[in-house]
Amino acid sequence: MTGHWEHFTHAADIGVRGIGQTKAEAFAQTAMALTAVITDPSNVSPQEQTMINCSAPDDELLLVDWLNALIYEIATRNVLFSRFEVDITGANLKARCWGEALDLQRHQPVVEIKGATYTELLVRQDNEQWIAQTVVDV
Amino acid sequence: MELNLLQKLNDYTWRVEPHGNMRVPAIFYADEALLRNMDDKVYQQATNVATLPGIVQASYAMPDAHWGYGFPIGGVAAFDAEQAGVVSAGGVGFDISCGVRTLLTGLPKADIMAQQKRLADQLYRYIPAGLGSTGRILLNQIEMDKMLKGGARWAIEQGWGRPEDLERTEEHGCMQGADARQVSVFAKKRQQKEMGTLGSGNHYLEVQHVAEIFKQDIGRIYGLTEGDVVVSIHCGSRGLGHQIGTEFLKEMLIKAVSHGIRLPDRELACAPIKSDLGQSYLGAMRAGINCALANRQILTHLTREAFARVLPEADLRLLYDVSHNTCKLETHEIDGHQRKLFVHRKGATRAFGPGHTDIPEALRTVGQPVLIGGSMGTASYILAGCKESEQRAFSSACHGAGRAMSRHQAKRQWHGRELIDELAQRKILIRSPSLRGVAEEAPGAYKDVAAVVDAANEAGLAHKVARLEPLVCIKG
């Protein structure tokens, strides 16, 4: 089964979950779920490339850092992403992200994301697939 | 929530005795129905807060408490620096100093209804709302630092508002102790284009009419008349506050062990008030408060400009501006002694009673206005801090209804267009850049704000003064 993403319920906000055969793929799928909080990712054209690097003491903190790095790019550069290539080596994450400038008419952004939280945060391997999830504050 | 976990003290007050690592009890202010509908997570979070070092008296949950991050949303806790007390980035939240300000227009509802559509369109044009909207103000490094130090006072010096607005703003519009050097370049960059923007989610600008006054004497002093129109603005410190929250949450989490703090939940990340990190956070968080105050001040100016185009006779005077995500150093009486405490209010409104010197002089005899937000089709309320409030929860009250349904469920249940049409039939005009955003914020997705306000009133947290009904809502 190839990687996929989904949202899960939180009382006030929204959970983002990525599932993949590798940890890196699960992280990439979580990033897709993040975009889907704002708009339908299939409407975001993967035209421009952005590099993101981050590191953290453990996998779960790394997931929060990764999502917060994306939230920062979205907030400061008004971009959305729809394709991700993630490489995780030890405590370091390197990613190439493709997307385009936010187009208010076409993307109709639902909500702005304030930050990734540590609520329902987990990164783990289950039945040979990786799950990476957390709740984002909107 | 299971009621058998709680000891009932009276119809609106419930207690959890300290157990496990709890240093103090947890107190819930709510009626039985509200409590039954609260998530079990609220119990867990309120009791977790009670385990933090230096907590004083109790960990409190307001009637609108719901599942938050570390603290429940609707959580109040105070810490004593002299007893190794902590300051928690999670206890303030991502949206530092999110709050509500309400402006009196001096116009009756009929005047607004005659121009309702034009007013909605003008407000939507003037108020940048939603992701990707940018303000008209671009701050360079020097101006950014001045704004972080000066708050609403800075905004008024720039021409966005009237000097008399400051008297009606918490902290006189300028939070002391702000330290712009503790705010990272990332946080400042995130704010660069966001001054004077509303944001999204549950943030809004609403034109409302005073539908009912419950306490005429207080209403009169607040300048509220049944049938008159007011404007309420609900938003916070925008990207700057979110980034400060993100960065300090992580740092406090990583350094917790070296500070000798055992965290029951990562979101409760905190640092001793007297530590370098605690002081650094307080400086940054106070700068975040100033950012929120400046932002709401600029939005006030834009609202006045929009009104001037449609209803030039309107004179928009500020009733009050109060935040509901803060940590403030306040003096409270504990067992007959005056003590200086760091009071965290996460989704809770400060509610000083009559006579408190921090209340504007004109309102001092009746207590501080407590502004409770609704959601599009639902009512908002104005309450007043009361004498008993000081003994209840360090002079704190609720802040809103709280969600009853997740965004996910709301999106499946409602469609933005239908909702807007339905509200238009009820003479409520919605303007928003996102239909899905409107669906996710559907009035039905929120709890009954009337029940929350009644419980706050009955519990002695604040007096119910007036109910406001929406006429126009600008949603991010």
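In chain A of this predicted model, strand E7 (residues 122–126) and strand E8 (residues 129–137) run antiparallel and are joined by five bridges. Within this pair, A:Gln125 has A:Trp130 of E8(A) as its bridge partner. The hairpin that E7(A) and E8(A) form has two residues between the strands, and A:Asn127 takes a positive phi near 45° there.

Chain A also holds an open sheet of three strands, which follow one another in the order E3-E5-E4 with antiparallel pairing. Strand E3 (48–55) and strand E4 (79–89) of chain A are the edge strands of this sheet, each of them pairing on one side only, and from one strand to the next the twist averages 20°. E4(A) pairs with strand E5 (residues 92–101) of chain A over ten bridges, in the antiparallel sense, and one of the residue pairs to look for is A:Arg83, which stands opposite A:Trp98 in E5(A). Helix H2 (residues 59–77) of chain A packs on the sheet, where the helix touches E3, E4 and E5 of chain A, and the direction of H2(A) makes about 140° with that of E3(A).

Turning to chain B, the reader will find 16 helices and 19 strands. The radius of gyration of chain B is 21 Å, which is close to the 23 Å given by the globule rule for 476 residues, so chain B is as compact as a globular protein of that length. Measured out along its principal axes, the C-alpha trace of chain B spans about 60 × 50 × 50 Å. Of the 476 residues in chain B, 64% are buried. When contacts in chain B between residues at least 6 apart in sequence are considered, 77% of them join residues at least 24 apart.

How are the seven strands of the open sheet in chain B ordered? They follow the order E1-E2-E3-E4-E5-E13-E12, and the pairing among them is mixed. The edges are formed by strand E1 (7–10) and strand E12 (325–334) of chain B, each pairing on one side only, while neighbouring strands of the sheet are turned against each other by 25° on average, direction ignored.

Strand E5 (residues 71–79) of chain B is a useful place from which to read this sheet. E5(B) pairs with E4(B) in the antiparallel sense over six bridges, and along this pairing B:Tyr69 stands opposite B:Phe71 in E5(B), whereas B:Val56 stands opposite B:Ala78 in E5(B). The hairpin of E4(B) and E5(B) has one residue between the strands, and B:Gly70 takes a positive phi near 80° in this hairpin. E5(B) also pairs with strand E13 (residues 337–346) of chain B, again antiparallel, over five bridges, and here B:Ala77 stands opposite B:His344 in E13(B). E5(B) is mostly covered, with nine of its nine residues buried.

A helix pair in chain B comes next. Two packed helices are described by the angle between their axes and the distance between the axes. For helix H4 (residues 116–126) and helix H11 (residues 276–310) of chain B, the packing angle is about 145° and the axes are 9 Å apart, and H4(B) passes H11(B) in a right-handed crossing. To this contact H4(B) brings B:Arg118, B:Leu119, B:Gln122, B:Leu123 and B:Tyr126, while H11(B) brings B:Leu302, B:Thr303, B:Glu305, B:Ala306, B:Arg309 and B:Val310. By class, the residues of the contact of H4(B) with H11(B) are six nonpolar, two polar and three charged.

There remains the place where the two chains meet. The contact takes 33 residues from chain B and 27 residues from chain A. On the side of chain B that touches chain A, the elements giving two or more residues are strand E4 (55–69), helix H8 (185–191), helix H10 (238–255), helix H13 (407–413) and helix H15 (435–440) of chain B. The largest share of that side, five residues, comes from H10(B). Classed by residue type, the side of chain B that touches chain A has nine nonpolar, 14 polar and ten charged residues. E4(B) thus appears in two settings, as a contributor to the side of chain B that touches chain A and as a member of the seven-stranded open sheet.

Definitions and conventions. Residues are numbered from 1 along each chain as its sequence is written. Chains are lettered from A and ligands numbered from 1 in the order in which they are written. This is a predicted model: local features need pLDDT of at least 70, side-chain atom pairs count only at pLDDT 80 or more; totals for chains, interfaces and linings use all residues. Helices (H or I, at least four residues) and strands (E, at least two) are DSSP runs, numbered from the N terminus. The radius of gyration is taken over C-alpha atoms; the globule rule is 2.2 Å times the number of residues to the power 0.38. A residue is buried if 20 or more other C-beta atoms lie within 10 Å of its own, exposed if 12 or fewer, and partly exposed in between; C-beta atoms are placed from the backbone. Two residues are in contact if their C-beta atoms, placed from the backbone, lie within 7 Å. Ala, Val, Leu, Ile, Met, Phe, Trp, Tyr, Cys and Pro count as nonpolar, Asp, Glu, Lys and Arg as charged, and the others, Gly among them, as polar. Axes are lines fitted to C-alpha atoms, for helices over the stretch in contact, and angles run from 0 to 180 degrees between N-to-C directions. A crossing is left-handed if the near helix is turned anticlockwise from the far one by less than a right angle, and right-handed if clockwise. Two strands pair if DSSP finds at least two bridges between them.
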